Amino acid sequence: MTVRVRGAVETLPKLMRRLRKDSASSTVTQTPVLPSLRRAFSLYDQINLIDNIPDDQLRFQRYTETGFTVNGVNYDGSLLCVGNLVTSWGPRNFSEITPQSLSIFQIIRPIPEILILGCGRNIEPVDPELRRFIRSTGMKLEPLDSRNAASTYNILNEEGRIVAAALLPYGVSS
């Protein structure tokens, strides 16, 4: 990586000198042809956020109608993730998500700042009692479809935030 950056940094001054020299000796009607700098300065070659993940960090890699792939392991059914821990979770459909099914958040410390609730295929309205329960634990609630919930979890977890996710499989619909 540093070799490419060094090469790009060394190439730029040479290119600028060449362009100045060419423009001074050429006529006004001639348009200089610029060499492509795309390869020399491609950020995609320099930064790869997807593959550079710490071993102990959870990352949703895939979702299916019936489960998820997390760090290369296939899980069937609903999942509950807190920080970098993952476990199977009981609810099979949205109506089974209750304060009792999320009671682990009454004892877990540190308290996640946000609970991402993966509702399955579609975002569902959350029962006011469940909202009150989640608020009483000190968390904020973000209901999303499970595909976007998994992606949001990845982003927030990569940022180092304390986040939790309760996800139904994507194939679940009300």
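What is the mean pLDDT of the protein chain, and what share of its residues reach 70 or more? The mean is 80, and 72% of the residues reach 70 or more. The model is predicted, and pLDDT is the predictor's confidence in each residue, from 0 to 100. Over residues 31-48 the pLDDT is below 50, and beyond near neighbours in sequence this stretch has 15 contacts in the model. Where pLDDT is low, the predicted coordinates should not be read in detail.

**Overall layout**

- The protein chain contains four helices and eight strands.
- Read from the N terminus, the order of these elements is α-α-β-β-β-β-β-β-α-β-α-β.
- Of the 174 residues in the protein chain, 36% are buried.
- Among contacts with a separation of 6 or more, 66% are between residues 24 or more positions apart.

**Helix α3**

- Helix α3 covers residues 128-136, and its buried residues are L130, F133 and I134.
- These buried residues are on the same side of α3 because they cover an arc of only 95° around the axis.
- An α-helix has 3.6 residues a turn, so residues three or four places apart point the same way.
- The exposed residues R135 and S136 sit on the face of α3 that is turned away from the buried side.
- The cover over the buried residues of α3 includes β6 (114-118) and β7 (140-144).
- G138, just after α3, has a positive phi of about 100°.

**Strand β4 and its partners**

- Strand β4 consists of residues 79-82 and is covered on both faces.
- L79 and C81 are buried on one side of β4, while L80 and V82 are buried on the other.
- Strands β4 and β5 (residues 85-88) run antiparallel and are joined by four bridges.
- Within this pairing, L79 has S88 in β5 as its bridge partner.
- The hairpin of β4 and β5 has two residues between the strands, and G83 in this hairpin takes a positive phi near 60°.
- Strand β8 (residues 163-167) is also joined to β4 by four bridges, and these two strands run antiparallel.
- A164 in β8 is the bridge partner of V82.

**Cysteines**

- How many disulfides does a search of the whole structure find? The search finds zero.
- C81 has a relative accessible area of 0%, so this residue is buried.
- C119 counts as buried because its relative accessibility is 2%, and the cut-off for buried is under 20%.

**Aromatic rings**

- There are three aromatic pairs in the structure.
- One of them is formed by F60 and Y153, whose rings are edge-to-face, with 5.6 Å centre to centre and 90° between the planes.
- This pair links distant parts of the chain: F60 is in strand β1 (residues 60-63), and Y153, 93 residues apart from F60, is in helix α4 (residues 146-158).
- F60 and Y153 are both buried.
- F60, F68 and Y153 are linked into a cluster by ring pairs.

**Two buried polar side chains: N154 and Q57**

- N154 is part of helix α4.
- Is N154 buried or exposed? N154 is buried, because its relative accessible area is 7%.
- Not counting residues up to four places away in sequence, N154 touches L58, R59 and F60.
- Y153, also in helix α4, forms the ring pair with F60 described above.
- Q57 is located in the loop between α2 (43-46) and β1.
- The relative accessibility of Q57 is 10%, so Q57 counts as buried.
- Which residues is Q57 in contact with, leaving aside its neighbours within four places in sequence? They are N71, N84, N157 and E158.
- From C-alpha to C-alpha, Q57 and L85 are 8.6 Å apart in space, and the two are 28 residues apart in sequence.

Definitions and conventions. Residues numbered from 1 in each chain as written. Heavy atoms only, no water. Contact = heavy atoms within 4.5 Å. Buried < 20%, exposed > 50% of the residue type's maximum accessible area, 1.4 Å probe, protein only. Arc of directions from axis to C-beta. Disulfide = S-S within 2.5 Å. Phe/Tyr/Trp six-rings, centres within 6.5 Å; stacked < 30°, edge-to-face > 60°. Pairing = 2+ DSSP bridges.
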